[in-house]
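User: I've got a model open and I'd like to learn how to read its sheet, a helix and a ligand site. Can you walk me through it?

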Amino acid sequence: MLTTDISALQEDLHSDLEYILTHYGYNSGRTPDGVVFIHIPQVPSHVIRQSIAENLGYFVYPPHGLLYLSAVLENNGVSSRIADLNRSVLTAGQDGGKDITSVWQAEVEEAVSAFEHPLVAISFMFDSTRAQLNEVMAFVKKTFPNLCVVVGGVAATGDPEAVLRTGHGDIVFHNEGEGPLIGFFDLINKNGSKIPDNISFLAKDGSLKQSKIVSGGEVDFDIRDQYEKINVGQYHKAGSLNNFSRMRGTDVPFATVLSRRGCRANCTFCAVRNFNGRSVRVRQIQDVIEEMEFLWHNHGIRHFEWLDDDLLYDRSKALNLFNEISIRLPDATWCANNGLIAAAISENLLEAMEKSGCQGFTVGLETGNEEMLRRVRKPASLDRFAKFADMSKKYPKIYYIVNFILGLPDERFSQMLDTLAVGARAELDWINFFTYQPLKNTDAYLAYGGMDLQNYEDIIQRGTTINFNPVRDGDFMNVGKKFGIARDYDIFDLDADIIPSREQVKEVWFTFNAICNFLRNPALFTTSYERVRNAVRWLEALQQAYADNPTITCILYYLNWRLNEIGKYKLDALKDDAMRKFSEHEYWRIRDQAFSVTSFLDKDISPLDPRAEKFFNSKGFSMQRISAQKLEVGA
Ligand code: B12
Ligand code: SF4
């Protein structure tokens with residue numbers, strides 16, 4: 001068995017690294033004449049479905065981290081190319097006849113051919129894309145055996161050894177890459193002796209070596225010139241950022257922005273603290289705005305998505321940022337799907353957000369159970385969340401989403417029910433219920449040893465299409481037939497003290513989702529025109545991605561009837577469409593027997609099963625609320 005020896009001694013490391021440097025001629029003057037950065041495909045080729053790709057249903061985030069890395073290298077005189085293989089495979093996927101693998105391979109070859117002997121630097125962000133990483137690394141090594149291959153990013157940091165043991169990657173960079181990459185070029189260009197921080201590699205004897213691991217660093221980099229390398233204004237043609245970007249319009253050019261690195265919190269299931277370090281580092285407001293203006297004027301970007309993990313950190317700076325956006329980019333829109341901390345939201349922030357073009361954001365509460373909240377170290381209290389939920393009703397133009405995780409380690413069914421009650425009572429616009437999946441380099445993973453992983457297809461589906469829906473998982477279709485799994489309203493008969501199996505959690509997910517987002521979606525009852533309008537936009541965007549799902553069409557029928565803005569002809573067409581989908585999918589017909597979503601087509605809201613209503617009553621409120629009507633014009 002190969003040994004693992006973590007050593008921080010510079011001299012030892014230097015001699016260990018020597019053989020890699022010698023192999024590529026780096027210590028005899030043959031330094032890289034450039035860098036080819038590679039963003040690997042996020043979706044495996046065999047999973048890409050032409051209909052989803054055409055519908056722009058896959059995520060297509062610009063490779064933001066690589067823009068930063070190429071900017072710092074350029075400042076240091078090293079030129080680079082960025083090959084976004086993800087975008088290429090999605091574009092190829094829209095054209096059913098293309099051989100997707102040969103498309104990304106050609107792109108790699110083309111990028112490499114721009115140089116004589118570049119360094120190949122691959123980004124590996126998500127464990128779920130390991131198969132694609134391995135495929136790309138193997139291709140590069142086979143085609144260009146004389147090129148050094150380095151890998152960085154969140155997933156590479158989480159398990160560097162797994163990357164190195166493939167034999168196709170030479171060095172792994174940990175954490176944020178700007179400083180260490182410059183350190184690496186200093187070492188080889190200037191023939192220096194300081195081994196850069198944050199690298200792992202295998203020594204000649206096969207043992208794992210690691211330099212000092214540090215986190216944090218500079219955040220104010222000017223990346224504007226780098227956007228040219230990826231032609232950022234074209235990304236919306238290959239996919240979406242999330243359902244918010246779809247709600248804004250699939251023809252609207254979008255880009256991502258980052259104003260802060262790090263997060264003030266340290267939730268057990270999250271990799272951010274271990275990756276970015278303890279502090280939150282805030283960029284200069286001026287720089288952020290100039291970047292956005294540049295994108296607006298030079299690349300036609302009209303919609304922005306924040307990548308920040310803690311966008312509201314330093315409230316007064318956040319307020320200034322939003323105020324500045326509303327003055328300098330009055331027609332821009334933005335969303336923050338990555339999750340804001342509800343406790344940090346105040347009324348004046350909401351006002352400034354709305355004015356600056358905020359169309360919607362997500363808050364991460366994760367659980368509605370106090371004990372679980374403490375256990376996952378979420379910086380939230382149920383009281384603060386309830387206050388935020390009340391406050392949100394004063395700013396109905398913003399679409400509010402809350403994230404919950406079901407099936408956290410050792411979570412009992414009663415605790416999941418608390419989540420249902422907190423979510424239902426808050427009456428935000430949408431609830432994302434996720435099922436739990438531990439991630440490497442998180443405290444939860446370390447504590448639970450990575451057990452309880454979902455099946456591979458599940459992870460791929462969840463990670464690559466805009467709003468994961470277990471219904472797409474073939475296994476889920478049959479789950480109700482499995483012995484001992486309660487489904488639909490029968491989940492309310494489950495023993496409150498059990499820790500539900502993963503199969504059972506999926507059914508709990510289905511019922512919670514059906515109740516909160518469909519049967520009792522707040523847009524069915526609110527008197528706010530904006531909220532109903534937003535809900536229609538949201539559901540229309542969702543329907544594009546889930547074209548087979550008739551429940552979305554049913555609720556759209558009802559909400560459009562409430563809005564009273566489309567004529568009878570279009571309304572009838574929606575009804576026909578819903579009926580057609582039911583006739584084509586037995587699965588949905590069976591679900592409808594339990595939940596009666598087809599009542600929406602009769603302009604009726606069906607009562608909840610008494611077991612569900614009894615549960616809500618036990619929490620002190622009712623969810624029956626039958627009397628919804630058309631909105632008054634101008635309401
Ligand atoms: C945007 C985003 C997404 C986007 C996709 C982004 C993309 N590139 O395609 C979407 C919404 C699709 C997404 C999905 C998921 N995401 Co996500 N996502 C993010 C987020 C918010 C921002 C990433 C980002 O751009 N950061 C800003 C740039 C500047 O930093 P960076 O990309 O990390 O790059 C730096 C370093 O990583 C490093 N680096 C990166 N590449 C390289 C390469 C080299 C050679 C070097 C030297 C260095 C280097 O240097 C860069 C500059 O400092 C991060 C959290 C975060 N704030 O980072 C989570 C995060 C990366 N996501 C995470 C997760 C878990 C997921 C999902 C699994 C969620 C889910 N439950 O479905 C899916 C999986 C996606 C998949 N493909 O299968 C985890 C990753 C943990 C892990 N080990 O896998 C993170 C860290 C969030 C968390 N809560 O812990 N995500
Ligand atoms: S608040 Fe969000 S980003 Fe911050 S540690 Fe918790 S899950 Fe991670």
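Analyst: Sure, starting with the sheet, and bear in mind that this is a predicted model. For a sheet, look at strand order and pairing sense: here six strands form an open sheet in the order β8-β11-β12-β13-β14-β15, with parallel pairing.

User: Which are the edge strands?

Analyst: An edge strand pairs on one side only, and here those are β8 (254-257) and β15 (430-435). Going from one strand to the next, the twist averages 20°.

User: What packs on the sheet?

Analyst: Helix α18 (residues 413-426) does, touching β14 (399-406) and β15. The direction of α18 makes about 175° with that of β14.

User: And how many bridges link β11 and β12?

Analyst: Three bridges, in the parallel sense, join β11 (residues 303-306) to β12 (residues 333-340). One to look up: F304 has W334 in β12 as its bridge partner.

User: Now helices. Why should α24 span 20 Å?

Analyst: Because you count 1.5 Å a residue, the 14 residues of α24 (550-563) should give 20 Å, and the end C-alpha atoms are indeed 20 Å apart.

User: Is α24 mostly covered or mostly open, and what does it pack against?

Analyst: Mostly covered: twelve of the 14 residues are buried, including Y557, Y558 and W561. The buried ones pack against α22 (502-519), α23 (529-545), α25 (568-584) and α26 (586-595). Just past the helix, N564 has a positive phi of about 65°.

User: What classes of residue make up the shell around ligand 2?

Analyst: Six nonpolar, three polar and three charged residues. Among those surrounding ligand 2 are C263, C267, C270, R273, D309 and D310.

Terms used. Residues numbered from 1 in each chain as written. Chains lettered and ligands numbered in written order. Predicted model: local features only at pLDDT ≥ 70, side-chain atom pairs only at ≥ 80, totals over all residues. Helix = DSSP H or I, 4+ residues; strand = E, 2+ residues; numbered from the N terminus. Expected span 1.5 Å × (residues − 1). Buried ≥ 20, exposed ≤ 12 C-beta atoms within 10 Å, placed from the backbone. Contact = placed C-beta atoms within 7 Å. Near = placed C-beta within 6 Å. Nonpolar A, V, L, I, M, F, W, Y, C, P; charged D, E, K, R; others polar. Pairing = 2+ DSSP bridges. Axes fitted to C-alpha atoms, helices over the stretch in contact; angles between N-to-C directions.
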